[in-house]
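Biologist: Please take a close look at one part of this structure for me, the places where protein surrounds something else or leaves room. I should be grateful for a single connected account.

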Amino acid sequence: MLRSDVYNFSAGPSALPQAVLEKAAAELCDWRGSGMSVMEISHRSAAFLEVAHQAEADLRALLAVPSGYRVLFLQGGASLQFAAVPLNLSSAGDTLAYANTGLWSEKAIVEARRYATVAVVADSSASGHRHVPPQSQWQIPSEARYLHYTSNETIGGVEFPFIPDVGDLPLVADMSSHILSRPLDVSRFALIYAGAQKNAGPSGITLVIVREDLLGRARALTPQVMNYQAQAAEGSMLNTPPTYSWYLSGLVFQWIKAQGGLAAMAILNDQKAEALYGYIDASGFYRNDVARADRSAMNVVFNLLDARLEPVFVSEAAAVGLMHLKGHQRVGGLRASLYNALPMAGVQALLTFMRDFATRHG
Ligand SMILES: *Cc1c(COP(=O)(O)O)cnc(C)c1O
């Protein structure tokens, strides 16, 4: 199949903008007339430092990151941050507040329990993680050191429609699957982290945005490469960073800027999500059980009323170039991820297929 025949709905690693891949391909072997690939040069060279600094500047501009925050480009994925957050922001014996709104929250909680006492302050597991518990119901212990939540649950298709209001308590968010999908008030957060491979670049690099006053509190046993203060002091180059992933993420940031920034992304992402949810709800053939206000604009999970047809749906869709529509293995069903790089035409092609499939099998 040709790339031009395919729409890729993968949840991650996921589609990258065509223009980004073309630029990377054009300069793969001979980067900026250097006779070398950007992959082949020292991370400490002036040329690579320029790439790294430009990527940071573009990310800061996109998110309007206020002064007083450090932006880090780390390794280990969001999963390593599940451990890095408690190691950097708490001491043994501390209590930490976590909201449990899905399978990624659960993983963060399991990891945090290795290092501290976790109080689950909101929990949607009884409903199968199909809504965000309203903040009025949350019980946050006064001794909690921070509150952690997963602002978009990639597997359950649940997205917070609000930023929790926690006063002076440091607010920490795993934004892996919707960072850069719309404007964000970074000033509400103490720490934001995101694996890049959903909406911000390829796998291999993890974005961390941390308020400066939280640096310097890591436990003594924290591995140095996981220590935010140590990484901030070294410009995220305490050891060799994933230079190619950093470069590619930088191209994605430039692409988003060229599209009109996050305000433009939000308009496009809302149009895509509204079109798909609107059809699902009206179809009488497909369904989505997430509370409407809490539905993710990035990860649209759905089922067929007749679940036996789901594998048929996935294989017929792939045959016409609509790729990776299978739900996560833990929950089954179907999932269409509509990240920034997926154009409206991709949703239209999916809707055409869904209508046709419903007619043939309804
Ligand atoms: C994908 C994902 C993760 C895990 O990311 P890795 O980079 O694979 O560790 C964590 N949280 C959320 C919300 C995700 O979507």
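Modeller: Pro-13 belongs to the loop that runs between strand E1 (7-8) and helix H1 (18-26). In this predicted model, the peptide bond joining Gly-12 to Pro-13 is cis, with an omega of about -10°. Beyond H1, another loop leads to helix H2 (46-63), and Arg-32 is found there. Arg-32 is not a glycine, yet its phi is positive, at about 50°.

The loop that holds Pro-13 leads on to the enclosed space. The structure contains one cavity of 30 Å³ or more, and the volume of this largest cavity is about 60 Å³. Rolling a probe the size of a water molecule over the atoms reveals where empty space remains. Ala-15, Leu-16 and Pro-17 are among the residues that line the cavity. Further along the chain, the lining also includes Lys-198, Asn-199, Ala-200 and Gly-201, together with Val-252 and Trp-255. Tyr-339, Asn-340 and Ala-341 complete the list. By class, eight of these lining residues are nonpolar, three are polar and one is charged. The cavity lies between domain 1 (7-11 + 261-361) and domain 2 (22-258), because both domains give residues to its lining.

Lys-198 provides a link to the ligand, since this residue lines the cavity and is also listed with Ser-79, Thr-154, Asp-174 and Gln-197 as the closest residues around the ligand. The ligand is surrounded by 13 residues, which divide into three nonpolar, eight polar and two charged. Helix H3 (residues 77-89) supplies four residues of this shell, the largest share. What polar contacts link Ala-78, Ser-79 and Lys-198 to oxygen atoms of the ligand? A backbone N or O atom of Ala-78 is 3.1 Å from a ligand oxygen. For Ser-79, a polar side-chain atom lies 2.6 Å from an oxygen atom of the ligand. A polar side-chain atom of Lys-198 likewise lies 2.6 Å from an oxygen atom of the ligand. Taken alone, the ligand exposes 390 Å², and the protein buries 87% of that area.

The open space should be considered as well. The largest pocket has a volume of about 410 Å³. It is lined by 27 residues, of which Glu-159, Phe-160, Pro-161, His-178 and Arg-182 are the closest to its centre. Helix H7 (residues 261-283) contributes the most to this lining, with four residues. In terms of class, the pocket lining has 16 nonpolar, four polar and seven charged residues. Domain 1 (7-11 + 261-361) and domain 2 (22-258) both contribute to the lining of the largest pocket, so the pocket lies between them. The largest cavity, too, lies between these domains, because its lining draws residues from both.

Conventions: Residues are numbered from 1 along each chain as its sequence is written. This is a predicted model: local features need pLDDT of at least 70, side-chain atom pairs count only at pLDDT 80 or more; totals for chains, interfaces and linings use all residues. Side-chain values use heavy atoms; hydrogens and water are left out. On a 1 Å grid over the protein atoms alone, a cavity is a set of points where a 1.4 Å probe fits but cannot get out, and a pocket is an open set with protein on both sides within 12 Å along at least five of seven lines; lining residues have an atom within 4 Å of a point. Grid points are joined across faces, edges and corners, and a volume is the space filled by probe spheres set on the points. Ala, Val, Leu, Ile, Met, Phe, Trp, Tyr, Cys and Pro count as nonpolar, Asp, Glu, Lys and Arg as charged, and the others, Gly among them, as polar. Domain bounds come from an automatic or database domain assignment. A residue is near a molecule or strand if one of its heavy atoms lies within 4 Å of it. A polar contact is a pair of N or O atoms within 3.5 Å; within protein, one must be able to donate a hydrogen and the other to accept it, and residues adjacent in sequence count only if both atoms are side-chain atoms. Accessible areas come from the Shrake-Rupley method with a 1.4 Å probe; for residues, only the protein chains shown count as cover. Helices (H or I, at least four residues) and strands (E, at least two) are DSSP runs, numbered from the N terminus.
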